[in-house]
Amino acid sequence: MSTHKKHKREKRDKLRELYGDNTPAKGNSLSQRGKPKYLGGNGRKTTGITRRYFRKNLQRIRVVEDGKVVRRWVPVSMIRAGLIQKPVVREPFTIPDVQDNA
């Protein structure tokens with residue numbers, strides 16, 4: 001294996017460890033017709049099955065990684081849970097508050 005591929009794989013594994021596996025899960029989508037029995041029908045019949053993906057709700061946001069600000073695709077569930085460290089945002093052309101020790 002070349003060194004280039006190894007470094008790419010290590011980088012990808014590190015991102016997967018930080019933000020989870022963002023690959024979509026596979027499943028089925030059912031097309032149905034009819035009325036369920038509890039509503040007075042004869043039961044629903046499946047007329048078609050199609051493969052589909054269950055994709056995570058990803059947002060592209062600015063994230064602090066190793067002291068640097070980078071843009072990443074991050075699941076909203078992790079943002080809401082507070083697992084993502086966002087950069088500190090302040091008004092432009094302002095000086096941050098510095099405590100005087102004089």
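## Charge distribution

In this predicted model, the protein carries 26 positive and 9 negative charges, whose mean positions lie 20 Å apart. The accessible surface on which the protein can be described amounts to about 9,400 Å², and carbon and sulfur atoms contribute 50% of that area.

## Overall architecture

The protein contains 2 helices and 4 strands, which follow one another from the N terminus in the order α-β-β-β-β-α. The C-alpha trace spans about 85 × 45 × 20 Å along its principal axes, and the radius of gyration of the protein is 24 Å, whereas a compact globule of 102 residues would have a value near 13 Å.

Burial and contacts can be set beside these dimensions. Of the 102 residues, 13% count as buried. Among the contacts in the protein with a separation of 6 or more, 33% are accounted for by residues 24 or more positions apart.

## A salt-bridge network at Arg 16

Side chains of opposite charge can pair when their charged atoms come close. The count of salt bridges in the protein comes to 4, and Asp 13, Arg 16 and Asp 21 are linked in a network of such bridges. Within this network, Asp 13 forms a salt bridge with Arg 16, with the closest N and O atoms 3.8 Å apart, a distance that falls within the 4 Å cut-off for a salt bridge. Asp 13 and Arg 16 are 3 residues apart in helix α1, which covers residues 3-19, so about one helical turn separates them.

Arg 16 also meets the side chain of Asp 21 in a salt bridge, at 3.5 Å from N to O. The members of the network can be described by their accessibility as well: Asp 13 counts as partly exposed at 40% relative accessibility, Arg 16 is partly exposed with a relative accessible area of 39%, and Asp 21 is partly exposed with a relative accessible area of 39%.

## A bridge between distant parts of the chain

Asp 66 forms a salt bridge with Lys 14, and here the closest N and O atoms are 2.7 Å apart. This pair links distant parts of the chain, 52 residues apart, since Asp 66 is in the loop between β3 (58-65) and β4 (68-75) and Lys 14 is in helix α1. On the side of the helix, Lys 14 is partly exposed, with a relative accessible area of 40%; on the side of the loop, Asp 66 counts as exposed, at 65% relative accessibility, because exposed residues are those over 50%.

## Residues with positive phi

Most residues other than glycine have a negative phi. Asp 66, the loop residue that pairs with Lys 14, has a phi near 55°, which is a positive value in a residue other than glycine. Its place, as noted above for the salt bridge, is the loop between β3 and β4.

Phe 93 likewise has a positive phi, of about 60°, although it is not a glycine. Phe 93 is placed in the segment after α2 (76-81), where Phe 93 is exposed, with a relative accessible area of 87%.

## Surroundings of Thr 50

Thr 50 is located in strand β2, which comprises residues 45-54, and it counts as partly exposed at 48% relative accessibility. When neighbours within four places in sequence are left aside, Thr 50 is in contact with Gly 27, Asn 28 and Ser 29. For one of these partners, Asn 28, the separation from Thr 50 is 22 residues in sequence, while the C-alpha atoms of the two residues are 5.6 Å apart in space.

## Surroundings of Val 76

Val 76 lies in helix α2, and at 16% relative accessibility Val 76 counts as buried, because the cut-off for burial is under 20% relative accessible area. With residues up to four places away in sequence not counted, Val 76 touches Asn 57 and Gln 59. Val 76 can also be placed relative to Gly 20, which is 56 residues away along the chain, the C-alpha atoms of the two being separated by 12 Å.

Technical notes
Residues numbered from 1 in each chain as written. Predicted model: local features only at pLDDT ≥ 70, side-chain atom pairs only at ≥ 80, totals over all residues. Heavy atoms only, no water. Rg over C-alpha atoms; globule rule 2.2 N^0.38 Å. Buried < 20%, exposed > 50% of the residue type's maximum accessible area, 1.4 Å probe, protein only. Contact = heavy atoms within 4.5 Å. Areas by Shrake-Rupley, 256 points an atom, 1.4 Å probe, with all protein chains shown as cover. Lys, Arg positive; Asp, Glu negative; His and termini not counted. Charge placed at Lys NZ, Arg CZ, Asp CG, Glu CD.
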